[in-house]
Structures are given as C-alpha cells and as structure tokens.
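Q: I'm new to this one and would like a close look at a single part, the open sheet in chain B, with enough of the surroundings to place it. Could you walk me through it?

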Amino acid sequence: MLTIDKYLRPSTLEEAYEAAQKKNSVVLGGMLWLRLANKRVSTAIDLSALGLEYVTEDEDFWHIGAYTTLRTLETHEALNNMTGNLFRDALKAIVGVQFRNLATAGGSVFGRFGFSDVVTALLALDASVVLYKTGALSLEDFCRMGKVNDILTEIRIPKTPVHTAYFAQRNTATDFPVLNVCAAEKKETITIVVGARPLGGTVYRFSAAETAENMAERIAGDAVFTGNTRASAEYRRHLCRVLVKRAVDEIMAEREGI
Amino acid sequence: MEITILLNGKKRTAEVRADTVLFDLLRDLGCASVKCGCETSACGLCTVLLDDKPVLSCSVLAVRADGRKVDTLEGLQDEASAFVGFIADQGAEQCGFCNPGFVMNTIALLRENPDPTDDEIRQYLAGNLCRCSGYEGQTRGIRAFLNAKKEGRL
C-alpha cells in the first residue's frame, strides 16, 4: 500500500528540486506504477504547476515537456508524421486510453523500466533528456546511469524525418511486452533497439547496406536475454531474431515505397 | 487538505488526505456508479472523465483533481442512455460489473470520434476488461447504435 504524508505542488523547479532531496520524497509522474508500490512517501511532489505539459518544435528538435501524456504523443499528428507513426504504433498497446491519459512521458523515461515501450521507441530516435541540474544528455547515457537525484524536465527528439518500424510481442493484449523492437533509419544508418528482454533497451547501429538477416542474427547472438514468468530467455532470443528481421524489412519496404 | 472539484456540474468541496485517490472521494460524495475493480490501473472499471478526458480514478490523487472538472455516469445519464440499450440488446452486459467503465469510455470515444470503425472501437476500449464476454457484444452494440444514428432511426 502506498502512503503519502504530504503533498506539495511547487511553483518553481528549484523548490521542487530542494524538496526532492529530502529522504523518502518522490517526484510524481502519472503515478501509475508508484501507486502499486508498498512504501511510505514523506512528500509527493507534483510538478503540474510548472508548465511541463507541451510539445513544441524549433529548427533542430521536438521538445516534449515531462508532464506531456502518452496519449498526447500517440495522437500528435506532426510528431507522428515525422517519425512514421512511431508514437501511435509503440504506445497504442499500453493498457488503455484512460491509462495513457495519465501516464507521462517524463515518468515513463525517468523510471527506465525494462519493459518500457516508450524508452525503446525514444532510444531508436536518438532522443535526449534534459535534467534540471545536470542539463541535457543523451537518453542512451541516461539509461546507463544509476540512481538520479535530479528532475527530468524535457525530452528532445532530433527533427530528422525517419523511417521506423515497431514490434512488440505480448502474451495478452495490453499486458507488458515479452519483447519489443524498434528500428529507425536515417542517413544510411539503421538503429535497432531491443527492449523488454526483460532488461531495458539496448541500442545497435548498422549500415543500411547490411541485410536484415545479418542484423537479426548479430543482435540475437549478442544481446542478453533472461527468463521470467512471461517468457524464457530462449523464447525471447527467438522472438528477437523474428522481430528484428520483420522491423528491418518493413523500413526497407517503406523506404522503397513498396 | 481542502479541495474543490466541479463534480457533474456542481461545485463540491471536500477534505482529503494527501494519499486519498479520486475514486474514494467520488464514492464518498455519493457517486456509486464508480466502482473499483483491480486497483492496479489495469481494468478500466473506475473510469471517470477528468477535464473531459477518460482517466482511471483509482490512480489519480484526489488533490490532483482540485479545481478541475470531474464527470461520472451520474452526470451523464442522458448521453449514456442514447446507446446503452443497444449494448443491452446484444446481451453484452451479462454480470454488468464492468458496464459503468465501458459506458464512460464509450462516451469519451464518441465525443472524440463520432464515427469510429470497429477497429477504432476495439482499440479505444482495450483498457476496459470484461470477464464474462468476449467483447464482441459490446462492439456489436456500439455498431448497432452508430448504424441506427446514420440511418436516422434515433
């Protein structure tokens, strides 16, 4: 059971950051996973008064505020047009519309959950994150970091059109994925991310000249898979081969207008 | 903490704890249509509209609803009555426990997309679990309602 002693809605990021340094305080995202925790929170910090719900663009990047909901990303026409409908495809199976109206982009990324469809998709787009004190860093580096005592304020996506393909295998619809794979092609490079192994997304980069079979074999041979109640390590490895090949075939076909 | 919400068109003020969830507040305020199923954000039974968007009331802190608009089935009877008979005609309800969540999310669907395809209906309602039916009855009921509307039979 989750117990919260105090609720705080700060009016500045500095106030939020200071409150977050205190023992047992938690910065709230959509609160969907936190709600399942059996813990006592001294202060729950709600960033909703800080104007962090936005999707904007400049010449180089899309800027996504940490409090932007997954539903907003899923239905954002311009963002989906630029990414080959990646957000629509990757997010549509996350529980339901009601869940995605609450879950935030920042909460999904900050948690760096292994099963995350959001992190797998963003890694394939070479996204970066902005932390209040640390500043901007690549999502790939952020995923390698240990515990972070900072506040994620924004996610940035390079504004380069990409061909993408997203596949996730679920034992039942709307459940956690057993494996997820995202492939993105830009400037003759194919980036492939394999997540929910059940460890989080690992990034592989290939020349677009390589065959789909080669990419699939190399990733399946290199990536670490483990078993849990949803699937064995061997099943995940087999799925990886199939889904990577399927994803690469799809972006090749998209590129060639088939 | 004292909060004020606009519940079904009426201002309501209540005293809540920091960890009171919206679901518990709504039940305390007499909204018996809002039911708790899984309490793990998975089943959609506790769906309400928060600022016109469907959300899981079991997963929203009541304090986060302060100053916002909350609608439950109690306040949307007229809108729901247009199509619930079609769902009942298909025998889709069976035990009926999941029904308030289905109806609330169907209201949200039809406001957002007044003419959905069957796939769009299934996709939008994927977060509402029903353990009696195979979901086909609900889809047929909504389709029958949409067809009746198109054919001017309503």
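A: Let's begin with a term: a residue is buried if 20 or more other C-beta atoms lie within 10 Å of its own, exposed if 12 or fewer, and partly exposed in between, with the C-beta atoms placed from the backbone. Strands (E, at least two residues) and helices (H or I, at least four) are DSSP runs, numbered from the N terminus. By those rules, strand β2 (residues 10-15) of chain B lies largely in the open, because zero of its six residues are buried.

Some ground rules: this is a predicted model, where local features need pLDDT of at least 70, side-chain atom pairs count only at pLDDT 80 or more, and totals for chains, interfaces and linings use all residues. Residues are numbered from 1 along each chain as its sequence is written, while chains are lettered from A and ligands numbered from 1 in the order in which they are written.

Now the sheet itself. Two strands pair if DSSP finds at least two bridges between them. In chain B, five strands make an open sheet with mixed pairing, in the order β2-β1-β5-β3-β4. β2 and β4 of chain B are the edge strands, each pairing on one side only. From one strand to the next, the twist averages 40°; axes here are lines fitted to C-alpha atoms, for helices over the stretch in contact, and angles run from 0 to 180 degrees between N-to-C directions.

Back at the β2(B) edge, strand β1 (residues 2-7) of chain B runs antiparallel to β2(B), and six bridges join them. I3(B) has A14(B) as its bridge partner, and L6(B) has K11(B). The two strands form a hairpin with two residues between them, and N8(B) in the turn has a positive phi of about 50°.

What about the other edge? Contact means that the C-beta atoms of two residues, placed from the backbone, lie within 7 Å. Helix α4 (residues 99-112) of chain B lies across β3 (47-50) and β4 of chain B, at about 35° to β3(B).

The β4(B) edge also takes us to chain A: 23 residues of chain B are in contact with 23 residues of chain A. On the chain B side, β4 (53-56) and α5 (118-124) are the elements that give two or more residues, and β4(B) gives the most, with four. That side divides into eleven nonpolar, nine polar and three charged residues. Here Ala, Val, Leu, Ile, Met, Phe, Trp, Tyr, Cys and Pro count as nonpolar, Asp, Glu, Lys and Arg as charged, and the others, Gly among them, as polar.

Over in chain A, there is another open sheet: four strands with antiparallel pairing, in the order β9-β10-β11-β12. Its edge strands are β9 (163-170) and β12 (202-207) of chain A, each pairing on one side only, and the twist averages 15° from one strand to the next. Strand β11 (residues 189-195) of chain A pairs with β12(A) in the antiparallel sense over six bridges, with V194(A) opposite T202(A). Helix α7 (residues 117-124) of chain A packs on this sheet, touching β9, β10 (177-186), β11 and β12 of chain A, and its direction makes about 20° with that of β10(A).
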